[in-house]
Amino acid sequence: MAEGGGACSFFRVGEIRPANDSDFNYFRSLVNDFSGWRKNHEKNGVRVYSKEMGKASVKMMKVHAEFKEVLPGTFYDVIHDAKYRKTWDENVIEDHDICALDDNNDIGYYSMNCPAPLKNRDLVNQRSWRVTENEYIVFNHSVAHEQYPPRKNFIRAVSYMTGFLIKSNGNVGCDVSYISHSDLRGQVPKWTMNLGVTKLVPKVLKKIEEAAKKYPQWKENNDPAFKPWIFPEQSKLPRVDAKTLSQTPMPLGPAGEEDDIDTNGSVEGPMEGNPEA
(Lines give C-alpha, C1' and ligand atoms only; values in the text may rest on other atoms or scores of the structure.)
Protein backbone atom coordinates (compact mmCIF):
# COMPACT_ATOMS: atom_id res chain seq x y z
CA MET A 1 0.00 0.00 0.00
CA ALA A 2 1.13 3.55 -0.64
CA GLU A 3 1.52 5.77 2.38
CA GLY A 4 -1.83 7.40 3.03
CA GLY A 5 -3.33 6.31 -0.28
CA GLY A 6 -4.33 3.56 -2.65
CA ALA A 7 -2.77 0.27 -3.52
CA CYS A 8 0.60 0.16 -5.21
CA SER A 9 3.99 -1.44 -4.88
CA PHE A 10 6.07 1.38 -3.46
CA PHE A 11 8.44 1.61 -0.52
CA ARG A 12 7.09 1.89 2.97
CA VAL A 13 9.03 4.20 5.26
CA GLY A 14 11.89 2.19 6.76
CA GLU A 15 11.95 -0.40 3.95
CA ILE A 16 15.37 -0.88 2.40
CA ARG A 17 15.76 -2.62 -0.96
CA PRO A 18 16.75 -1.64 -4.50
CA ALA A 19 13.97 0.23 -6.32
CA ASN A 20 12.19 -1.74 -9.02
CA ASP A 21 10.03 -1.01 -12.07
CA SER A 22 6.89 -0.80 -9.96
CA ASP A 23 8.38 1.93 -7.76
CA PHE A 24 9.37 4.06 -10.74
CA ASN A 25 6.04 3.45 -12.48
CA TYR A 26 4.17 4.53 -9.37
CA PHE A 27 6.21 7.71 -9.04
CA ARG A 28 5.66 8.48 -12.72
CA SER A 29 1.92 7.92 -12.32
CA LEU A 30 1.79 10.51 -9.53
CA VAL A 31 3.43 13.02 -11.83
CA ASN A 32 1.05 12.38 -14.72
CA ASP A 33 -2.25 11.74 -12.91
CA PHE A 34 -4.25 14.75 -11.67
CA SER A 35 -7.28 12.99 -10.21
CA GLY A 36 -7.77 14.10 -6.62
CA TRP A 37 -5.23 16.91 -6.92
CA ARG A 38 -6.13 20.51 -6.13
CA LYS A 39 -4.35 23.35 -7.92
CA ASN A 40 -3.16 25.79 -5.24
CA HIS A 41 -1.71 28.43 -7.51
CA GLU A 42 0.10 29.09 -10.79
CA LYS A 43 2.63 31.81 -11.46
CA ASN A 44 5.35 32.34 -14.06
CA GLY A 45 4.87 28.86 -15.48
CA VAL A 46 5.10 27.15 -12.10
CA ARG A 47 2.01 25.14 -11.08
CA VAL A 48 1.53 23.95 -7.51
CA TYR A 49 -0.89 21.18 -6.52
CA SER A 50 -1.79 19.41 -3.28
CA LYS A 51 -3.56 16.16 -2.47
CA GLU A 52 -5.15 14.76 0.65
CA MET A 53 -3.54 11.48 1.67
CA GLY A 54 -6.14 9.48 3.56
CA LYS A 55 -5.49 9.46 7.30
CA ALA A 56 -2.35 11.54 6.92
CA SER A 57 -2.95 15.20 7.68
CA VAL A 58 0.22 16.15 5.83
CA LYS A 59 -0.69 16.66 2.19
CA MET A 60 1.29 15.43 -0.79
CA MET A 61 2.59 18.30 -2.92
CA LYS A 62 3.26 18.39 -6.65
CA VAL A 63 4.96 21.13 -8.64
CA HIS A 64 5.43 21.42 -12.40
CA ALA A 65 7.89 23.96 -13.75
CA GLU A 66 9.68 24.78 -17.01
CA PHE A 67 13.28 25.95 -16.95
CA LYS A 68 14.18 27.33 -20.35
CA GLU A 69 17.93 27.73 -19.80
CA VAL A 70 18.81 24.49 -18.00
CA LEU A 71 19.47 21.17 -19.73
CA PRO A 72 17.76 18.17 -18.07
CA GLY A 73 21.09 16.45 -17.45
CA THR A 74 22.46 19.53 -15.70
CA PHE A 75 19.43 19.78 -13.41
CA TYR A 76 19.85 16.09 -12.61
CA ASP A 77 23.54 16.54 -11.79
CA VAL A 78 22.78 19.41 -9.41
CA ILE A 79 20.28 17.27 -7.48
CA HIS A 80 22.93 14.58 -6.98
CA ASP A 81 26.04 16.67 -6.33
CA ALA A 82 26.31 17.03 -2.53
CA LYS A 83 29.54 18.99 -2.79
CA TYR A 84 27.93 21.59 -5.02
CA ARG A 85 24.85 21.78 -2.82
CA LYS A 86 26.93 23.34 -0.07
CA THR A 87 27.55 26.32 -2.37
CA TRP A 88 23.88 27.20 -2.95
CA ASP A 89 21.83 25.67 -0.10
CA GLU A 90 22.29 28.01 2.86
CA ASN A 91 20.20 25.71 5.07
CA VAL A 92 22.41 22.63 4.75
CA ILE A 93 24.45 21.57 7.79
CA GLU A 94 25.54 18.11 6.66
CA ASP A 95 24.89 16.29 3.40
CA HIS A 96 26.73 13.07 2.66
CA ASP A 97 26.24 9.52 1.48
CA ILE A 98 26.57 6.60 3.91
CA CYS A 99 26.55 3.48 1.75
CA ALA A 100 25.33 2.08 -1.56
CA LEU A 101 22.97 -0.82 -2.19
CA ASP A 102 23.86 -1.00 -5.89
CA ASP A 103 24.57 1.30 -8.83
CA ASN A 104 21.23 3.13 -8.51
CA ASN A 105 20.38 3.12 -4.80
CA ASP A 106 22.19 4.61 -1.84
CA ILE A 107 21.55 5.77 1.72
CA GLY A 108 22.51 9.23 2.92
CA TYR A 109 22.25 11.71 5.76
CA TYR A 110 21.05 15.32 5.51
CA SER A 111 20.64 17.91 8.24
CA MET A 112 19.39 21.47 7.91
CA ASN A 113 19.00 24.71 9.77
CA CYS A 114 15.43 25.76 10.55
CA PRO A 115 14.35 29.28 11.50
CA ALA A 116 13.59 30.01 15.16
CA PRO A 117 11.61 28.89 17.09
CA LEU A 118 11.92 25.59 15.21
CA LYS A 119 14.56 23.02 16.06
CA ASN A 120 16.90 21.92 13.30
CA ARG A 121 15.85 18.84 11.30
CA ASP A 122 17.69 15.87 9.92
CA LEU A 123 16.84 12.86 7.75
CA VAL A 124 18.27 9.50 6.81
CA ASN A 125 16.97 8.61 3.35
CA GLN A 126 17.34 5.92 0.76
CA ARG A 127 17.72 7.53 -2.65
CA SER A 128 16.88 5.73 -5.89
CA TRP A 129 17.40 6.92 -9.45
CA ARG A 130 17.00 5.89 -13.07
CA VAL A 131 17.96 7.50 -16.37
CA THR A 132 16.33 6.59 -19.68
CA GLU A 133 16.46 8.09 -23.15
CA ASN A 134 13.51 10.34 -22.34
CA GLU A 135 13.66 11.12 -18.63
CA TYR A 136 15.58 11.33 -15.39
CA ILE A 137 13.91 10.13 -12.18
CA VAL A 138 15.29 10.39 -8.65
CA PHE A 139 13.32 9.96 -5.43
CA ASN A 140 13.89 9.14 -1.78
CA HIS A 141 12.14 7.83 1.32
CA SER A 142 13.19 7.74 4.96
CA VAL A 143 14.93 4.72 6.48
CA ALA A 144 16.90 3.92 9.61
CA HIS A 145 20.65 3.33 9.83
CA GLU A 146 22.39 2.16 13.00
CA GLN A 147 25.28 4.58 12.54
CA TYR A 148 22.87 7.53 12.32
CA PRO A 149 20.38 7.34 15.20
CA PRO A 150 18.38 10.46 16.14
CA ARG A 151 20.76 13.17 17.29
CA LYS A 152 20.61 15.61 20.15
CA ASN A 153 19.23 19.03 19.20
CA PHE A 154 17.75 17.67 15.97
CA ILE A 155 14.24 16.44 15.23
CA ARG A 156 14.19 13.52 12.81
CA ALA A 157 11.95 14.51 9.89
CA VAL A 158 10.35 11.94 7.60
CA SER A 159 10.19 11.70 3.82
CA TYR A 160 7.42 9.34 2.76
CA MET A 161 8.30 10.13 -0.83
CA THR A 162 10.20 13.04 -2.32
CA GLY A 163 11.56 13.22 -5.84
CA PHE A 164 11.94 14.66 -9.31
CA LEU A 165 11.04 13.65 -12.83
CA ILE A 166 13.01 15.66 -15.40
CA LYS A 167 12.48 15.77 -19.16
CA SER A 168 13.77 17.78 -22.07
CA ASN A 169 11.39 20.48 -23.29
CA GLY A 170 12.57 19.86 -26.85
CA ASN A 171 14.78 22.94 -26.94
CA VAL A 172 17.60 23.88 -24.58
CA GLY A 173 15.64 23.62 -21.36
CA CYS A 174 13.81 21.10 -19.25
CA ASP A 175 10.44 20.38 -17.69
CA VAL A 176 10.66 19.46 -14.02
CA SER A 177 8.02 17.72 -11.91
CA TYR A 178 8.54 17.55 -8.16
CA ILE A 179 6.60 15.37 -5.72
CA SER A 180 6.88 15.62 -1.94
CA HIS A 181 5.07 13.88 0.89
CA SER A 182 7.11 14.76 3.98
CA ASP A 183 6.61 15.53 7.65
CA LEU A 184 8.85 17.85 9.67
CA ARG A 185 7.48 16.27 12.86
CA GLY A 186 7.87 18.04 16.19
CA GLN A 187 5.34 20.68 17.18
CA VAL A 188 4.77 22.19 13.74
CA PRO A 189 0.98 22.26 13.14
CA LYS A 190 0.05 20.32 10.03
CA TRP A 191 -1.93 23.23 8.58
CA THR A 192 1.20 25.39 8.90
CA MET A 193 3.29 22.72 7.21
CA ASN A 194 0.80 22.29 4.37
CA LEU A 195 0.51 26.02 3.76
CA GLY A 196 4.23 26.65 4.06
CA VAL A 197 5.23 23.92 1.62
CA THR A 198 2.97 25.24 -1.15
CA LYS A 199 4.77 28.58 -0.92
CA LEU A 200 8.27 27.31 -0.17
CA VAL A 201 8.70 24.62 -2.82
CA PRO A 202 8.46 26.96 -5.86
CA LYS A 203 11.17 29.13 -4.26
CA VAL A 204 13.36 26.09 -3.72
CA LEU A 205 12.94 25.02 -7.35
CA LYS A 206 13.83 28.52 -8.48
CA LYS A 207 16.96 28.35 -6.35
CA ILE A 208 17.93 25.01 -7.92
CA GLU A 209 17.34 26.52 -11.36
CA GLU A 210 19.72 29.39 -10.61
CA ALA A 211 22.26 26.95 -9.17
CA ALA A 212 21.97 24.77 -12.28
CA LYS A 213 22.80 27.71 -14.53
CA LYS A 214 26.10 28.12 -12.69
CA TYR A 215 26.88 24.42 -12.32
CA PRO A 216 28.73 23.76 -15.62
CA GLN A 217 31.30 26.47 -14.88
CA TRP A 218 31.68 25.37 -11.25
CA LYS A 219 32.05 21.72 -12.25
CA GLU A 220 34.84 22.55 -14.69
CA ASN A 221 36.97 23.53 -11.71
CA ASN A 222 35.77 20.87 -9.28
CA ASP A 223 36.64 17.34 -10.40
CA PRO A 224 34.71 17.66 -13.68
CA ALA A 225 34.85 13.96 -14.59
CA PHE A 226 33.59 12.75 -11.20
CA LYS A 227 29.88 11.88 -11.46
CA PRO A 228 29.27 8.55 -9.70
CA TRP A 229 25.51 8.92 -10.16
CA ILE A 230 26.22 8.48 -13.89
CA PHE A 231 29.44 6.45 -13.72
CA PRO A 232 28.91 4.04 -10.80
CA GLU A 233 32.43 2.64 -11.12
CA GLN A 234 33.61 5.98 -9.66
CA SER A 235 31.68 5.47 -6.42
CA LYS A 236 33.79 5.16 -3.28
CA LEU A 237 30.85 4.20 -1.05
CA PRO A 238 30.88 0.85 0.74
CA ARG A 239 28.48 -1.63 -0.86
CA VAL A 240 26.08 -3.33 1.49
CA ASP A 241 23.39 -5.97 1.09
CA ALA A 242 19.99 -4.48 1.90
CA LYS A 243 19.15 -7.67 3.81
CA THR A 244 21.86 -6.86 6.36
CA LEU A 245 20.40 -3.43 7.18
CA SER A 246 17.64 -2.61 9.63
CA GLN A 247 14.18 -2.71 8.09
CA THR A 248 12.77 -0.64 10.97
CA PRO A 249 9.28 0.61 10.04
CA MET A 250 9.87 4.14 11.31
CA PRO A 251 7.84 6.14 12.10
CA LEU A 252 5.34 3.79 13.72
CA GLY A 253 2.32 5.61 12.32
CA PRO A 254 1.21 7.68 9.34
CA ALA A 255 2.19 11.31 9.02
CA GLY A 256 -0.09 13.41 11.15
CA GLU A 257 -0.35 11.08 14.14
CA GLU A 258 1.45 11.64 17.44
CA ASP A 259 5.19 11.97 16.94
CA ASP A 260 6.64 8.56 17.73
CA ILE A 261 10.15 9.09 16.39
CA ASP A 262 12.82 9.41 19.05
CA THR A 263 13.90 13.04 18.84
CA ASN A 264 16.56 12.57 21.52
CA GLY A 265 15.22 15.33 23.74
CA SER A 266 14.75 17.95 21.03
CA VAL A 267 11.39 19.50 21.85
CA GLU A 268 9.83 22.62 20.36
CA GLY A 269 7.41 24.93 22.03
CA PRO A 270 3.85 24.62 20.71
CA MET A 271 2.83 26.85 17.82
CA GLU A 272 -0.69 28.27 17.95
CA GLY A 273 -3.26 29.50 15.50
CA ASN A 274 -5.05 27.87 12.57
CA PRO A 275 -6.51 29.96 9.76
CA GLU A 276 -8.33 26.87 8.48
CA ALA A 277 -10.21 26.31 11.75
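I began with the surface of the protein chain, whose accessible area comes to about 13800 Å², with 51% of that area belonging to carbon and sulfur atoms. I note here that the model is predicted.

Next I looked up burial, and found that of the 277 residues of the protein chain, 49% count as buried.

I then went through the secondary structure, which comes to 4 helices and 10 strands. Reading from the N terminus on, I wrote the order down as α-β-β-β-α-α-β-β-β-β-β-β-β-α.

I asked myself what share of the contacts between residues at least 6 apart in sequence join residues at least 24 apart. I found that 63% of these contacts do so in the protein chain.

I turned to the interior with a general point in mind, that in soluble globular proteins nonpolar side chains tend to be buried together. The largest nonpolar core here has 28 residues, and the members that touch the most others are F67, F75, F164, I166 and L205. I listed the elements that give two or more residues to this core, and they are β2 (46-53), β3 (56-67), α2 (72-80), α3 (82-88), β9 (158-168), β10 (174-183) and α4 (190-220). The largest share, 7 residues, comes from α4.

I followed F67 further and, leaving out residues up to four places away in sequence, I found that F67 touches F75, N169, G173, C174, V176, L205 and E209.

Last, I noted that apart from the largest core lies another core, of 17 residues, with F24, Y49, M53 and F139 among them.

Conventions
Residues numbered from 1 in each chain as written. Predicted model: local features only at pLDDT ≥ 70, side-chain atom pairs only at ≥ 80, totals over all residues. Heavy atoms only, no water. Buried < 20%, exposed > 50% of the residue type's maximum accessible area, 1.4 Å probe, protein only. Contact = heavy atoms within 4.5 Å. Areas by Shrake-Rupley, 256 points an atom, 1.4 Å probe, with all protein chains shown as cover. Core = buried A, V, L, I, M, F, W, Y, C linked by side-chain atoms within 4.5 Å.
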